Amino acid sequence: MVADRWFRLQNIEDGISLITEIHVARWLRCNIWHIRGRNHDLLIDSGMGLGSLKQEIVQLAERPVKCISTHCHFDHMGGAHEFECRLGHRLERSVYTEPTRYNTSMESFVRAETFEALPYAGFRHEEYVVRPAPLTGYLDEGDVVDLGDRVFQVLHLPGHSPGSIALWENRSGILFSGDAIYDGDLYDSAYHSDTGDYRDSLSRLRELPVKRIHAGHYESFDFARMTEIIDQYLAGGDSIGDVDGWIRSHLD
Ligand SMILES: [Zn+2]
């Protein structure tokens, strides 16, 4: 079955919208965040690149968009090629330039069960790769992304991947965390993951006066839930080690 619509748009709060790829299985589906600004808008992550995100977000605003990828995994940067301004961390630049199934960490995540409907006729998951989207600028710790009326600071939070970044709005206490933290089993076993770095990044987040986290996957959460997730991980709780086994446990 081919999907009628590939994306769903939801207004979340104060200029922030969530875009999701509704026919991608819940255990993989990335949260794509759109933030309206006075001078331009931000897109934080861009999903798998299987439908036109650019056409979809025209209905949200018509200002120029900065497309920030929190990291170089296929489910977060697949749509980046559609945008002129593509920002991410320098350490992952070669992946954006020459993405492969391996270096974008597809592993076993892309399989028949990943799709509840097909993005277009003739789509074959075995042949899916993301399109190259070379970064047009780099973001690193301490950098500031200024939308005119909202300001975000870049945090470099390696572990899930070496160039994982998050965006922190001090005024509102909102953090867009990518996969540095989300309310689910953390994935610390990709080819370029580093569990020591992951622990350090999470310990650092624990000190941040966060009110609300809009993450790369699953539901948004507050400071109390953030500390629970961090403490569970630091105490050796669940993470995604064996991808196949983990996916099997999520299939109905
Ligand atoms: Zn990831």
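**Exercise 1. Place R86 and describe its surroundings.**

R86 is found in strand β6, residues 85-88. Strands here are DSSP runs of E, at least two residues long, and helices are runs of H or I of at least four, both numbered from the N terminus. The model is predicted, so local features need pLDDT of at least 70 and side-chain atom pairs pLDDT 80 or more, while totals for chains, interfaces and linings use all residues. Residues are numbered from 1 along each chain as its sequence is written, and side-chain values use heavy atoms, without hydrogens or water.

Step 1: check burial and charge. R86 is buried and has no salt bridge. Buried means under 20% relative accessible area, with a 1.4 Å probe and protein chains only. A salt bridge needs a side-chain nitrogen of Lys or Arg within 4 Å of a carboxyl oxygen of Asp or Glu. The nearest side chain of opposite charge, E84, is 8.1 Å away.

Step 2: list the contacts, meaning heavy atoms within 4.5 Å. Leaving out residues up to four places away in sequence, R86 touches C67, A80, H81, A133, P134, L135, T136 and G137.

**Exercise 2. Trace the sheet around R86.**

Step 1: find the partner. C67 stands opposite R86 in β6. β5 and β6 run parallel, joined by three bridges. Two strands pair if DSSP finds at least two bridges between them.

Step 2: move one strand over. β4 (residues 41-44) pairs with β5 (residues 65-68) in the parallel sense, over four bridges. Here I44 faces I68 in β5.

Step 3: find an antiparallel pair. β2 (residues 16-21) and β3 (residues 32-35) fit, with four bridges. S17 stands opposite H34 in β3.

Step 4: assemble. Seven strands form an open sheet with mixed pairing, ordered β1-β2-β3-β4-β5-β6-β7. β1 (7-13) and β7 (137-138) each have a single partner strand, so one side of each lacks a neighbour in the sheet.

**Exercise 3. Work out the zinc site.**

Step 1: name the donors, which are N, O and S atoms within 2.8 Å of the metal (3.2 Å for Na, K and Ca). H71 (NE2), H73 (ND1), H160 (NE2) and D179 (OD) coordinate the zinc ion at 2.0 to 2.6 Å.

Step 2: read the spacing. Along the chain it is H-x1-H-x86-H-x18-D. H160 lies in the loop between β9 (151-156) and β10 (165-169), and D179 in the loop between β11 (174-178) and α4 (195-206), so the pair ties together parts 19 residues apart in sequence.

Step 3: check burial. H160 is buried, at 1% relative accessible area. D179 is also buried, at 3%.

Terms used:
Buried < 20%, exposed > 50% of the residue type's maximum accessible area, 1.4 Å probe, protein only. Lys, Arg positive; Asp, Glu negative; His and termini not counted.
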